[in-house]
Amino acid sequence: MNNQHDIIIVGAGPVGIYFGMLLAKKNHSVLIVERESKKNLGSKMDQFHLESMVFDKYRIPPPVEGTDEFITNFEWTSYYGPYGKHQQLMNYPVTAMRFQFFIQRLAKLAEAEGVEFQFSSSFSEVIIKDSMLTGVRVQNNGEIKEFYGKLIVDSTGTSAIVRHSLPDEIGVEKFKIEDDEKMYVIQRVIQWNNPEEPHPGTDKYEESISWLYYKTWVAPHFAPNANIFGGGQPGGYENAEKAVEIFLKDVPFPPYTILEEHRATTAYRRSPFSLVGNGFLCIGDSACMSKSFSGEAIESSWSASLIAVDVIQRLLKENLPITMKNMWDVNVIYFRDQGAKLAALLAQIPGAANTTKKDVTYLFKKNFIFSGRDFTSMWQNLEMDMSFGRMIKIVGLFLWGIISRQFSRKALSTMLKYMKISGAIRKHYENFPENIDEFNEWVIKAEELWNHVEKMKYTLEK
Ligand SMILES: Cc1cc2nc3c(=O)[nH]c(=O)nc-3n(C[C@H](O)[C@H](O)[C@H](O)COP(=O)(O)OP(=O)(O)OC[C@H]3O[C@@H](n4cnc5c(N)ncnc54)[C@H](O)[C@@H]3O)c2cc1C
């Protein structure tokens, strides 16, 4: 195999493969280095879902019904308040699939565009020349191999192994995702003991259900009469276990049998302030691009890939070096729009810290903040619909909640505090400097703003 390519991508997850495919389509030579064997590619999780619009938007053929990859399409998601009350409906089509089949198909599509893969090859170290990242060393069957490219991309997921290994001169933060910056998710595959009796996961509006207060959900599964029963909490798997217990006391399920249990974490952390360095780009989970309302990063990272590919394609065409400065537009375009929205959403999470079951019930009951309209807007636009008229209505509902003792002052003051911080963070990201020389000053202010955002906490009431 040739060891010189235009682009070397480390990590053949949904993001690395898609990114490579885009560049190969533009006739650049792309090599993706992947730790797993070809056969095991995509084995990290069983099933997942994507907004159905992604197939058109990112020009990926949708899964074919009747294949092993396809599970179901559903249009509605139900959201419930505490004790399973006050249903809110989100109308947003979603496709449920089996991850490994999807990834293997995506890899074939990429190969058809000319992407080369080097499987069973674990990243070992970076190769630097004149302050530029120029290649990677990988371990393949006990042998060290070197691959060189004009750009090295880290798409190794939350391990972000290439980013962590960078020397300072490359210009990208090396932080690791700490334990208290993760959501600990337990997904159980459950089979209903009496499937003919009513149970979650069946009705047209209830194929996918989220009990937001408990961070618990039910989603479709491919096995007969089975569903995914998931729950995530900050602070460790023991909190996720505790939350499920509390949930089942408040919202009892008909009898079921647990067929399988999977444990995994998702990152709840801000992105590095720069996605690009000298000869380097990080994208996907390695760059913390997940949507904090769902913990998902595939769609948002594909969207970031389109931005990055445009800039890189231009540089390659003009034969310009892929330096941090030359790639700066990736940061400007990403952080001024999607990056600003994701940062603002993430900064809002601690705002829920002081909300009790009673507070959350009020929000669900009165259709605001936790309403079908807000959920749809968040999924569609990564922000809530906060027109002036709606803001006035929301203020009125908060006041009424406090006067009628249905909503606590403590919850309101925490929510307002975080709305303010989140608004300031968004504004700051929307002003991401076009001029790289103003970056250090921008970072100082950004760090100051993030210092006001507390870490996620386990806050579930019994
Ligand atoms: C329980 C759970 C459920 C989820 N459900 C959904 C969902 O329904 N929809 C959704 O959009 N998202 C979902 N997510 C999030 C989603 O899995 C991630 O956002 C997404 O996989 C990120 O893609 P990625 O390509 O950046 O990283 P990954 O998918 O993590 O891929 C990284 C790749 O890099 C490889 N790699 C790692 N280290 C090395 C190394 N040293 N050398 C070489 N290769 C390496 C890995 O083997 C892997 O193939 C879920 C996450 C969890 C934990």
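Here are some short exercises on this predicted model, each with a worked solution.

**Exercise 1. The ligand's surroundings**

Work out which residues surround the ligand, which elements they come from, and where the ligand lies relative to the two domains.

Solution.
- Step 1: Start with the shell itself. It holds 35 residues, and the closest are Gly-11, Gly-13, Gly-157, Gly-284 and Ala-297.
- Step 2: Now look at the elements. Those giving two or more residues to the shell are the helices α1 (14–25) and α6, plus the strands β3 (47–51), β7 (121–129), β10 (182–192) and β14 (256–267).
- Step 3: Sort the shell by chemistry. You get 16 polar residues, 14 nonpolar and 5 charged.
- Step 4: Bring in the domains. Domain 1 (4–61 + 100–176 + 270–336) gives residues to the shell, and domain 2 (180–267) does too, so the ligand lies between them.

**Exercise 2. Helix α6 and its partner**

Take α6 and α7, and decide how the two helices run relative to each other.

Solution.
- Step 1: Find the helices. α6 covers residues 298–317, and α7 covers residues 328–336.
- Step 2: Recall what you need. Two packed helices are described by the angle between their axes and the distance between the axes.
- Step 3: Get those values. The axes of α6 and α7 come within 9 Å and cross at roughly 150 degrees.
- Step 4: Apply the cut-off. Angles over 145 degrees count as roughly antiparallel, so α6 is roughly antiparallel to α7.
- Step 5: Add the hand, which is right-handed for this crossing.

**Exercise 3. Two residues on α6**

Are Ser-303 and Leu-306 buried or exposed, or something in between?

Solution.
- Step 1: Place them. Ser-303 lies in α6, and Leu-306 lies in α6 as well.
- Step 2: Keep the limits in mind: 20 or more other C-beta atoms within 10 Å means buried, and 12 or fewer means exposed.
- Step 3: Count. Ser-303 has 17 other C-beta atoms within 10 Å, so it is partly exposed. Leu-306 has 14, so it is partly exposed too.
- Step 4: Try some distances. Ser-303 and Leu-109 are 194 residues apart along the chain, with their C-alpha atoms separated by 18 Å. For Leu-306 and Gln-88, 218 residues apart along the chain, the C-alpha separation is 33 Å.

**Exercise 4. Another helix pair**

Repeat the helix analysis for α12 and α13.

Solution.
- Step 1: Locate them at residues 409–430 for α12 and 439–451 for α13.
- Step 2: Read the geometry. They pack at an angle of about 160 degrees, with their axes 10 Å apart.
- Step 3: Draw the conclusion: α12 and α13 are therefore roughly antiparallel to each other.
- Step 4: Finish with the hand. α12 passes α13 in a left-handed crossing.

**Exercise 5. Positive phi in loops**

Describe the settings of Lys-215 and Asn-367, which have a positive phi although neither is a glycine.

Solution.
- Step 1: Remember the background. Most residues other than glycine have a negative phi.
- Step 2: Take Lys-215. Its phi is about 50 degrees, and it is found in the loop between β11 (209–211) and β12 (216–220). Lys-215 is buried, because 22 other C-beta atoms lie within 10 Å.
- Step 3: Take Asn-367. Its phi is about 65 degrees, and its place is in the loop between α9 (357–365) and α10 (372–381). With 15 other C-beta atoms within 10 Å, Asn-367 is partly exposed.

Definitions and conventions: Residues numbered from 1 in each chain as written. Predicted model: local features only at pLDDT ≥ 70, side-chain atom pairs only at ≥ 80, totals over all residues. Helix = DSSP H or I, 4+ residues; strand = E, 2+ residues; numbered from the N terminus. Near = placed C-beta within 6 Å. Nonpolar A, V, L, I, M, F, W, Y, C, P; charged D, E, K, R; others polar. Domains from an automatic or database assignment. Axes fitted to C-alpha atoms, helices over the stretch in contact; angles between N-to-C directions. Parallel < 35°, antiparallel > 145°, perpendicular 65-115°, else oblique. Left-handed = near helix turned anticlockwise from the far one by under 90°.
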